[in-house]
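Trainee: Got a minute? I'd like to go through this one with you.
Mentor: Sure, pull it up.

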Amino acid sequence: MKQPNLIAIDGPAASGKSTVAEILANELNYMFFDTGVMYRAVTLIALNQISDLDMEHEVVAIADSIEIDVRKPSKGDGRKYDVWVNGKDITWEIRQPAVDANVSKVSAYAGVRTAMTSQQRRIGMKSNVVMVGRDIGTVVLPEADLKVYLDASAEERAKRRHAEIISRGDEADYEKILESMIRRDKIDSTRAVAPLKPADDAVIIHSDHLCVAEVVHKIKDLFAT
Ligand code: CDP
């Protein structure tokens, strides 16, 4: 395979998608775009503005009007990028447990997905990109030249997410992370619209026993001639 212009990386929570994609994008000099950020931003704003996230119509109205700005990182505090909404830096706020607990409900709404998918396609069509999410290979960029589905066991993923939170200096409880992740994966993979699943033409990489560099290497091997 020649070097792909559009690379889609999908997979369940904390499977290492964004870490791997960021390295790959840097090495190839491509844009890195993490679509999960958009669903997290809509969820955060909905939590702040709406009393009940079951009010689908109101949540979709937020998704339709929100302007999410993802920029190069402005601080060296571990962030891969800045996320701004309404003039406010929400990069870390979107990682709160309350967002984790509600993001799958919000992202299952068809209207939310329509709004986010069209913005993501516009970004994907603009340049060489490594785009990360749950439905990039299946729905957002079905024409991607390379599709990877990055998987790992729930326990390994919870361990990684736990270490990530601790390294930021925050408190984390492994059992709670595992439980919340399994819940989120279940909602993401059983929703009616754009469920989490590998595209038919995706290469599945199971990363339980692979370090980040090995995963990056495996992906690059797919297009080495
Ligand atoms: O980083 P982590 O894997 O925990 O999650 P994320 O990639 O930031 O995604 C957060 C949530 O957004 C997921 O659990 C999905 O509910 C939703 N999402 C989605 O539905 N479609 C995408 N393309 C990306 C994220």
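Trainee: Which helices each supply at least two residues of the shell around the ligand?
Mentor: Helix H2 (36–49), helix H4 (97–107) and helix H8 (174–190). Helices here are DSSP runs of H or I, at least four residues, numbered from the N terminus. This is a predicted model: local features need pLDDT of at least 70, side-chain atom pairs need 80 or more, and totals for chains, interfaces and linings use all residues. Residues are numbered from 1 along each chain, and side-chain values use heavy atoms, without hydrogens or water.

Trainee: Which residues come nearest the ligand?
Mentor: Arg-40, Ser-107, Arg-113, Arg-184 and Asp-188, out of 19 around the ligand. Being around it takes a heavy atom within 4 Å.

Trainee: How do the shell residues divide?
Mentor: Into 4 nonpolar, 5 polar and 10 charged. Asp, Glu, Lys and Arg count as charged, and Gly is among the polar ones.

Trainee: Any polar contacts to look at?
Mentor: Take N or O pairs within 3.5 Å. A polar side-chain atom of Arg-113 lies 2.7 Å from a ligand oxygen. For Arg-161, the distance to a ligand oxygen is 2.8 Å. The side chain of Asp-135 has an N or O atom 2.8 Å from a ligand nitrogen.

Trainee: How much of the ligand's accessible area does the protein cover?
Mentor: The protein covers 98% of the 530 Å² that the ligand has on its own, by Shrake-Rupley with a 1.4 Å probe.

Trainee: New topic. What are the nonpolar, polar and charged counts for the lining of the largest pocket?
Mentor: 13 nonpolar, 13 polar and 17 charged. A pocket is an open set of points on a 1 Å grid over the protein atoms alone, where a 1.4 Å probe fits, with protein on both sides within 12 Å along at least five of seven lines; lining residues have an atom within 4 Å of a point.

How values were computed
A polar contact is a pair of N or O atoms within 3.5 Å; within protein, one must be able to donate a hydrogen and the other to accept it, and residues adjacent in sequence count only if both atoms are side-chain atoms.
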